[in-house]
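Subject: Handover of a protein model

Dear colleague,

Please find the structure below, with its sequence. I would be grateful if you would read the notes that follow with the structure open beside them.

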Amino acid sequence: MTQIYLDNAATTPLLDEVIDAMVVVMKNNFGNPSSTHTLGQEAKTILEETRRKIAHELHVSPAEIIYTSCGTEANNLILKSAVEDLKIERIITTELEHKCVAESVENLKNSKNVEVIYLNVNEKGDVDIEQLQQLLKSSDKKTLVSLMHANNEIGNLLDLDKVANICKENGAYFHSDTVQTMAHLPLDFSKTLVDFASCSAHKFHGPKGAGFAFIRKSTHLKAQIHGGTQERNVRAGTENVVGIAGLGKAFEIATDNLEKFSSHIQEIKDYAIQRLSEKIPGILFNGRSAERDKSLYTVLSVSLPSQNPLIGLQLDMKGIAVSQGSACSSGAAKPSSVLSKILSEETQQNTTPLRISFSHKTTKEEIDALVNALAEILRL
Ligand code: PLP
């Protein structure tokens, strides 16, 4: 059975070039980058060359790129260190953030007594930016705003420049979880004035276990993991040299081919929207999922017009991997935390959510196979 992979927002397959780059490092560069001898310094060079390339692409200083084990760690580091080191009293965020942000914020509320305000979101998943502005204007509490760039479930995009400017004007710090957009959208942090951002290599055909936090130098954040002086004292622990080499190669390929890959993927997404609309009457597109420019081109979130908690399994049995965006408990489909915040009770009870996410390797034939499989399962 041929495997059709349409769950690229969860993770992406490694590219051959990335594997090759990592194998070279695995074979030749086992040195500890903190060692002063040649083997160590060769490993260190890999870290620093990669850091320099990433920083160049993002228009920041290499010292502002701190390697982490994943996006979750980058977001934890940023949020927890910001609260401790910048004496943050209030966090403004939404209920649509990734679990690693939501749980970190909850933890800070309980352990550090930080006030947490969740911005209003409408049924399309739009964040109330005017409310943010009002909140920032009406209080001089030390505030950290944490809003994701693209939602991993529905793909909604935030206007980063607009929010960054509002935060700057009002003296608030701004963290954006950019895990879904890093290396997928052009980001220039010399113009887009976020203070903190995050990255995970496995979202753009790099390895799992490698990512980074962008931490603006002026904020002087300190470590959450203590030990050696690695990563300029901001993240102790011997760096994952092989993983970082893979991160660097994947980042380079993704950014060098950004226009080519994104236009191909957008075409695939447009095709999927068209074919699904034709073949499945009553299908709904969640959030801003089906709107160009308001949604990340890699993600399409739909609600199928009947309840079927087993649909992910049925597709899997046909060799098609998607994300159901729901957990099956006691036989009833439980919508994801994001969809349960934006969809009406009625929609949640009468539909089945599905997240379809694409890569530059996705073909129209694969979309046809998905649409036909869905029509068969739904007996259309
Ligand atoms: N933030 C977002 C928006 C994500 O989609 C993910 C992964 O699903 C993460 C953070 C966590 O990244 P990682 O899997 O590298 O921990």
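**A serine and its contact**

The side chain of Ser336 reaches the backbone nitrogen of Leu339 at 3.1 Å. Please bear in mind that this is a predicted model. Ser336 sits in the loop that runs between β13 (332-335) and α10 (337-342). Is Ser336 buried or exposed? With a relative accessibility of 9%, Ser336 counts as buried, because the limit for that class is under 20%.

**The two sheets**

Two open sheets may be traced next. One of them has 7 strands, in the order β2-β8-β7-β6-β5-β3-β4, and its pairing is mixed. Which strands stand at the edges of this sheet? They are β2 (65-68) and β4 (115-118); each has a single partner strand, so one side of each is left without a neighbour in the sheet. On average, neighbouring strands of this sheet are turned by 20 degrees against each other, direction ignored.

Within the 7-stranded sheet, a useful pair to locate is β5 (residues 143-146) and β6 (residues 173-176), which pair in the parallel sense over 3 bridges. Here Leu144 stands opposite Tyr173 in β6.

The other open sheet is formed by 3 strands in the order β9-β10-β14, and the pairing is antiparallel. Its edges are β9 (284-285) and β14; each of these has a single partner strand, so one side of each is left without a neighbour in the sheet. Strand β10 (residues 299-304) is joined to β14 by 6 bridges, and the two run antiparallel. Leu304 stands opposite Thr352 in β14.

**Pockets**

The largest pocket holds about 680 Å³ of space. Of the 38 residues that line this pocket, Glu97, His98, Lys99, Asn152 and Glu153 are the closest to its centre. Two or more lining residues come from each of α3 (71-85), α4 (99-112), α10 and β14 (352-357). Which element gives the largest share of this lining? That element is α4, with 5 residues. By class, the lining of the largest pocket has 13 nonpolar, 15 polar and 10 charged residues.

The second largest pocket has a volume of about 360 Å³. It is lined by 21 residues, and those nearest its centre are Asp126, Val127, Leu157, Leu158 and Asp159. The lining of the second largest pocket divides into 9 nonpolar, 5 polar and 7 charged residues.

**Cavities**

Rolling a probe the size of a water molecule over the atoms shows where empty space is left. How many cavities of 30 Å³ or more does a search of the whole structure find? The search finds 2. In the largest cavity lies about 150 Å³ of space. Its lining has 19 residues, of which His184, His205, Phe261, Ile265 and His360 are the closest to the centre. The elements that give two or more residues to this lining are α7 (241-256) and α8 (258-279), and α8 gives the most, with 3 residues. The lining of the largest cavity is made up of 10 nonpolar, 8 polar and 1 charged residues.

Yours sincerely,

A colleague

Conventions. Residues are numbered from 1 along each chain as its sequence is written. This is a predicted model: local features need pLDDT of at least 70, side-chain atom pairs count only at pLDDT 80 or more; totals for chains, interfaces and linings use all residues. Side-chain values use heavy atoms; hydrogens and water are left out. Helices (H or I, at least four residues) and strands (E, at least two) are DSSP runs, numbered from the N terminus. Buried means under 20% relative accessible area, exposed over 50%, partly exposed in between (1.4 Å probe, protein chains only). A polar contact is a pair of N or O atoms within 3.5 Å; within protein, one must be able to donate a hydrogen and the other to accept it, and residues adjacent in sequence count only if both atoms are side-chain atoms. On a 1 Å grid over the protein atoms alone, a cavity is a set of points where a 1.4 Å probe fits but cannot get out, and a pocket is an open set with protein on both sides within 12 Å along at least five of seven lines; lining residues have an atom within 4 Å of a point. Grid points are joined across faces, edges and corners, and a volume is the space filled by probe spheres set on the points. Ala, Val, Leu, Ile, Met, Phe, Trp, Tyr, Cys and Pro count as nonpolar, Asp, Glu, Lys and Arg as charged, and the others, Gly among them, as polar. Two strands pair if DSSP finds at least two bridges between them. Axes are lines fitted to C-alpha atoms, for helices over the stretch in contact, and angles run from 0 to 180 degrees between N-to-C directions.
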